[in-house]
Amino acid sequence: MDGLSEWFTRHKLPVGDWVEHGVDLLNDHAAGLFDLIADNLEILIEGLIDILQWFPPVALAVLLALFGGALHRSWKLGLIMLLALLFILNQGYWEETTETLALVIVATFICMLLGVPLGVATAHRSWLYTVVRPVLDLMQTIPTFAYLIPTLILFGLGVVPGLISTIIFAIPAPIRLTHLGIVSVPRNLIEAGDAFGATRQQLLWKVEIPHALPNIMAGLTQCIMLSLSMVVIAALVGADGLGEPVVRALNTVNIAQGFEAGLAIVLVAILLDRVCRRPGAGD
C-alpha cells in the first residue's frame, strides 16, 4: 500500500500549474480589459467615498439615523444608530467607516444585481442549478486567500482585488436564497395566475417575486454580513477601511487599537443588519 501511495504522489495532477497557466494567459491577453474594469470600479468606490466624506461627520450620522428610524418607523432604532455612529466618530474611525461602507455598498449592489436574476434563472431551469450549485459550493468553501492571489495579479494592488474577492465570497448567498424563494412559491398560486391568463413575466413580477421577497431580503442581509467579514482580507491587498487598523494592530500587537477597530466593525454590521431588514419584520 505504501508503494501505491508513493505512485499517486509521484504522479501528481498539475492542478495548480493549470490554474497558474490560465491566470497568466488572462493577464497576457486580457490585461486591458481587467485594467478597464479595475479603473471603473475604483472610480465608483472612490466617488461614493467622496460623497460620504463630503458631509460633516455629525450631520451624516444624524441623516443616517433619521433614515433608519423613518424607514422602520422606530425612533428607538434611529437613536441607537445615532449613538453607535457618534461612538465610532468618538473613537476616531469615522473615515475608515465611510470607506468600509462604500466597499460594502458597492459589493452588495453588484452581488444583488447579478445574484437575484441568476437565482431566478436557476429556479426556472433545474439543469442550470445543477451546474451552478457546485460552483457556489466552491466559492463559499475555498479559502479566501486562494483566490486573493489571482485577483491581485489580474487587478493589481488596491481596493479592486478586495472588492472582487468580496463579491466572489458573498454572491452565493443571494443566488441560493432567491432560488429557494422562487421554488417555494405554492403551486396553487402559479395555477391561479395561469387561470387568469398571466404571462411568464407577469407571474414572475406579480406572484413569484412578491412571495420570494422575504428570502431575497434575507439574501441581501447575508450578503452584507459576508461583505463585512471580508474587510480585513481586503485590507491585506491595499483596500482602505476598518480592516486597515485591524491589520496594523495585528502587526504591532496593539490590543487597544485592534479592539476599537473590531468594535467599530461589529457596530457597522449590527446597524446595517437592522436597517436592511424588511420593514415590519421585527426588531
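This report walks through the nonpolar core, the two largest pockets and one leucine of a predicted model.

## The nonpolar core

Let's start on the inside. The largest nonpolar core has 77 residues, and the members that touch the most others are Ile 45, Phe 155, Val 160, Leu 163, Leu 228, Val 268 and Leu 272. Helix α6, which covers residues 94-124, gives the most to this core, with 14 residues. As a general background, nonpolar side chains in soluble globular proteins tend to be buried together.

Val 160 is a good residue to look at up close. Beyond its neighbours within four places in sequence, Val 160 is in contact with Ala 38, Leu 41, Glu 42 and Phe 155. Phe 155 is, like Val 160, among the core residues that touch the most other members.

## The largest pocket

Next, the pockets. The largest one has a volume of about 430 Å³. Its lining is made up of 21 residues, and those closest to the centre are Leu 64, Leu 101, Ile 105, Leu 272 and Val 275. You have already met Leu 272 in the list of core residues with the most contacts to other members.

Several helices share this lining: α4 (57-72), α5 (75-90), α6, α12 (200-228) and α15 (255-276) each give two or more residues. The largest share, eight residues, comes from α6, the helix that also gives the most to the core. Sorted by class, the lining has 18 nonpolar residues and three polar ones, with no charged residues.

## The second largest pocket

The second largest pocket has a volume of about 340 Å³. It is lined by 15 residues, and if you look for its centre, you will find His 124, Ile 182, Ile 190, Arg 200 and Glu 208 nearest to that point.

Here at least two lining residues come from each of α6, α10 (172-183), α11 (187-195) and α12. The largest share belongs to α12, with five residues. By class, this lining has nine nonpolar, two polar and four charged residues, whereas the lining of the largest pocket has no charged residues.

## A look at Leu 89

Finally, find Leu 89 in helix α5. Is Leu 89 buried, exposed or partly exposed? Leu 89 counts as partly exposed because its relative accessibility is 28%, and that class lies between the buried limit of 20% and the exposed limit of 50%.

Setting aside neighbours within four places in sequence, Leu 89 is in contact with Pro 57, Val 58 and Trp 94. Leu 236 sits 147 residues from Leu 89 along the chain, and the C-alpha atoms of the two are separated by 24 Å.

Conventions. Residues are numbered from 1 along each chain as its sequence is written. This is a predicted model: local features need pLDDT of at least 70, side-chain atom pairs count only at pLDDT 80 or more; totals for chains, interfaces and linings use all residues. Side-chain values use heavy atoms; hydrogens and water are left out. A nonpolar core is a set of buried Ala, Val, Leu, Ile, Met, Phe, Trp, Tyr and Cys residues joined through side-chain atoms within 4.5 Å. Buried means under 20% relative accessible area, exposed over 50%, partly exposed in between (1.4 Å probe, protein chains only). Helices (H or I, at least four residues) and strands (E, at least two) are DSSP runs, numbered from the N terminus. Contact means heavy atoms within 4.5 Å. On a 1 Å grid over the protein atoms alone, a cavity is a set of points where a 1.4 Å probe fits but cannot get out, and a pocket is an open set with protein on both sides within 12 Å along at least five of seven lines; lining residues have an atom within 4 Å of a point. Grid points are joined across faces, edges and corners, and a volume is the space filled by probe spheres set on the points. Ala, Val, Leu, Ile, Met, Phe, Trp, Tyr, Cys and Pro count as nonpolar, Asp, Glu, Lys and Arg as charged, and the others, Gly among them, as polar.
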